[in-house]
Amino acid sequence: MSRLVLRGLTKAYGKLTVVDGVDLTLAAGEFVSLLGPSGCGKTTTLRMLAGFVEPTAGSIELDGKVISAPGLVMPPERRQMSMIFQSYAIWPNMTVAENVAFGLKLRKLPAEEVRRRLWEILEVVQLGHLAERYPAELSGGQQQRVALARAIVVKPAVLLLDEPLSNLDASLREEMRFEIRRLHDEFRITTVYVTHDQAEAMATSDRIAVMNAGRIEQVDAPHLLYTRPKTRFVAGFIGRTNLVEARLEGSEIGFDGCRMQMGQINGVPQGGSRPILLSIRPQSIGLHRVRPAGGEGRPVTPGTVVQRVFLGESWDYVVMPQGSGLRLRVTAPPLQVHEVGEAVWLEFDPRQMALVE
Amino acid sequence: MNDTAAALPKPVAGQAEGRRGGLLRRLRYVEPVTLLWLLLVLVLLFLVAAPLLKLFSVSFQAQETGTFTLSNYATAYGRARYLDALVNSLTLGLASAAIAVLLAVPMAWAVSRTDMPGKGFTWAVVLGAFIMPPYLGAVGWILLAGPNSGFVNRFWQWLTGSEGTLFNVYSFEGLALVIALHSFPLVFIFVKAALDLVSSEMEDAANILGAGTWTAMRKVTLPLVWPSILGSFIIVFLETIALFGTPAILGIPARINVVTTQLWQFFEYPVRVEVAAAYAMPLLLVTIGLIAVQKLLLARKAFVSQTGKGGERRMIRLGPWRWAMFGWCALVGALSVAMPLLVLLQASFAKAWGRGISLDNLTLRNYHLLIFEHEMAMTSIWNTIWFSAAAATAAVLIALLVAYIVNRRLMPFGEVLGFLAMAPFVIPGIVMAIGFYAAYASPPLALYGTAALIIFAFTARFLPIAYANSSAAIRAVHPEMEEAARILGSGRLQAVSRITAPLLRKALLGGWLIVFIVASRELSAAIFLVGPRTRTMAVLLYDLSEAGNFEVLAAFGGLLLLITLVLVGIGMKLVGRDFMLRRI
């Protein structure tokens with residue numbers, strides 16, 4: 001059952017359209033990330049979900065009922081949602097326990113139940129021993145847990161997270177990613193998570209909606225987003241890639257001396273003769289000293305190493321195929337060493353290529 | 001999951017209900033903030049816009065008929081004496097501002113950049129001079145440097161055996177110095193704030209190229225803070241030309257007429273408010289113009305090197321010179337605070353102040369007279385306290401609401417409110433008082449001499465202080481603090497009262513105390529508006545000074561200072577040591 005439906009959601013400030021016709025549907029219990037660079041409209045979308053921002057066009061439905069539309073915005077306090085803010089917004093004048101119990105008390109639950117649920121959630125986020133502390137006495141990670149506990153304890157219909165990890169240091173951020181996913185697996189709250197960090201989105205989400213310039217470019221599961229990017233933006237934003245201009249000729253695709261059967265590449269429409277754009281991941285290209293067999297329709301082409309960087313976990317080569325101005329980035333394991341200027345053979349795998357718009 | 005959901009109101013149904021339902025729902029979602037906005041607009045129009053507009057229109061009206069005329073301007077600028085007063089005000093403003101800069105810039109540099117000893121002492125001097133009402137300092141200086149009987153001059157005569165006077169306070173120089181000794185803290189605060197932002201590496205860079213400490217200071221440090229020196233010069237200039245008490249106490253006996261004392265004379269019977277309004281225009285225009293210049297100067301932030309990196313600051317080692325700098329600060333402290341305060345205190349406990357400190361001259365009679373016998377003293381103390389408290393409460397409340405609406409962008413034209421709340425900043429107190437007189441003293445409101453009129457005027461006059469304070473406080477509370485409460489189910493008003501208000505409490509208390517303190521000593525706005533039963537301490541002090549009974553006057557000044565000190569003490573305890581001196 002779909003819990004949250006966004007239909008043509010649009011927000012414009014004067015002539016500036018920040019969110020531009022966003023369509024998105026979340027199933028109950030699903031975890032979806034809005035991923036994109038800063039200024040892509042993801043936070044505005046989230047704030048429309050929360051009811052802090054009124055849409056210019058389109059609507060938001062919660063369990064089949066419109067909660068946001070132009071001129072009709074149910075105020076945030078009636079949406080049964082909860083939210084985790086970039087600044088955490090932990091109230092410094094209240095203890096950890098008072099912060100977490102705030103929403104429960106607003107719901108006028110019996111004192112006994114407030115106490116039970118408060119301690120339950122404090123145990124879950126491992127803050128039981130800090131219940132009487134004030135936020136100023138907590139570390140960044142602990143404050144983050146308070147924010148999580150405060151948002152989850154009310155068992156919201158939808159949980160909204162606005163770049164919740166951007167103020168933490170790198171190692172803590174990694175830890176909290178798994179914490180957030182663990183809490184989701186435990187409580188199954190429908191969640192919308194806004195981030196600009198693809199690793200965060202991949203670690204936490206069931207599906208990721210990649211946003212750019214106010215629009216959703218693609219919504220897919222993390223691995224599909226990586227292996228089957230549909231647009232040039234998604235291919236470049238999720239991981240690193242080589243964008244190669246190629247030509248579709250009948251049933252064949254070619255670029256710089258490489259020929260492939262188009263049936264081998266996903267999502268290529270039949271027929272015609274036109275230029276197309278291919279996304280080729282650096283680690284999908286094989287590097288060889290001698291010409292490989294190139295079986296199973298794996299095209300090969302000679303080239304020259306023009307640049308290299310050793311990154312510890314891998315080599316990062318730039319290789320120019322013979323007789324072309326193309327500069328392909330190729331990732332190779334640490335032990336595979338090639339000198340700059342060395343002649344090599346490139347081997348492509350069409351199954352790992354994607355046609356992008 | 002459903003158990004909690006049930007406790008909350010059900011989401012409203014969708015658009016399917018049709019247009020009528022949609023409209024009803026829209027009305028239900030109208031937040032009370034719209035009504036509040038309207039109310040605030042009315043309040044601010046009443047407090048700020050109406051008196052100013054009335055001042056302007058009255059200056060073009062004939063006294064009897066109310067028809068349009070330019071004769072008020074002809075009268076106001078038609079006599080050499082009136083024009084002299086304008087020139088005197090400008091010259092006095094320049095002189096006082098120059099002296100204040102000379103006094104304060106070395107102090108600010110020494111405290112901010114060097115290893116001078118006694119920095120806490122210097123802060124105390126600045127705070128003391130800031131707290132001391134200017135007219136009280138003027139009275140102190142009459143006792144110190146009156147031409148014949150002043151202590152300084154008598155000491156000089158004793159020392160040299162001559163009959164002459166070292167320094168006559170009833171003179172243009174005396175007036176300029178006394179005003180500067182009161183207003184130098186403004187320069188100190190501005191310039192020190194700018195110096196605090198100059199990184200030591202700026203000076204190091206000059207040193208490594210061969211400049212010594214003094215050269216580096218002259219060629220690098222001072223030029224960097226030049227905008228703030230100029231800005232504070234302008235502020236002191238404006239304070240001076242708008243000041244009433246000191247010129248009235250020192251200038252009138254010395255026959256030095258300035259704009260403010262001339263305005264006061266226009267209010268002597270028969271009151272010529274139309275002429276006063278016309279005569280006040282230059283004061284208003286100069287103030288507006290110079291504040292604009294000052295804003296431009298300080299807006300060039302790039303000039304003040306706010307380097308985030310390499311902002312390490314080391315104190316310059318002055319060697320023996322540090323005692324010279326300390327001597328300078330001590331001298332300023334003696335002239336501005338210690339000496340006037342000492343002679344006032346002495347006089348307040350003396351039978352005759354001229355006889356100096358001796359046991360048989362000691363008496364409590366002056367205080368006794370004020371507290372138990374004087375017909376107005378206790379009334380004026382009570383008036384001062386409750387007028388100031390009412391004005392401070394009203395100003396902080398209005399300022400808080402306006403600042404909230406503006407900062408949270410709750411209304412499309414919220415900035416209009418902010419502009420109105422800040423507008424009194426460019427209106428000299430005396431001009432505002434004339435505006436209030438013109439607008440509300442006569443029927444239909446007929447508020448002349450009532451407590452309400454004074455409270456309204458004080459509220460309007462100090463609204464900018466309260467607004468700057470509230471605005472800074474609200475900006476410091478992240479909007480997400482409130483949003484976090486709302487998404488968990490509390491309405492806007494509940495979020496404000498449960499989250500925002502507690503977080504703002506301290507800052508608002510600080511703002512309230514500052515408004516109370518400045519209102520409790522306000523003279524220029526009060527003196528035009530008080531009636532026989534609504535005189536404040538400041539007004540009564542001025543009346544006492546005209547009567548020339550310095551012992552009782554000093555005792556009354558002592559009471560005023562005591563009240564101020566108690567409040568400053570409370571503020572420091574509750575809000576923080578520097579709550580009075582934070583740069584707004």
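**Strands and a kinked helix**

Q: In strand 18 of chain A, which residue is the bridge partner of V309(A)?
A: This is a predicted model, where local features need pLDDT of at least 70, side-chain atom pairs count only at pLDDT 80 or more, and totals for chains, interfaces and linings use all residues. Residues are numbered from 1 along each chain as its sequence is written, with chains lettered from A and ligands numbered from 1 in the order in which they are written. Strands here are DSSP runs of E, at least two residues, and helices are runs of H or I, at least four, numbered from the N terminus. In strand 18, the partner of V309(A) is D316(A).

Q: Over how many bridges do strand 17 and strand 18 of chain A pair?
A: Two strands pair if DSSP finds at least two bridges between them. Strand 17 covers residues 300-310 and strand 18 covers residues 315-321. They run in the antiparallel sense, and the bridges number 7.

Q: Which strands of chain A stand at the edges of the sheet?
A: The open sheet has 5 strands in the order 16-20-17-18-19, with antiparallel pairing. Each edge strand has a single partner, so one side of it is left without a neighbour in the sheet. The edges are strand 16 (286-288) and strand 19 (328-332).

Q: Where is the kink in helix 3 of chain B centred?
A: Helix 3 of chain B spans residues 33-58. A bend is the angle between axes fitted to the seven residues ending at a residue and the seven starting there. Here the kink is about 45 degrees, and its centre is L45(B).

Key: The expected span of a helix is 1.5 Å times one less than its number of residues.
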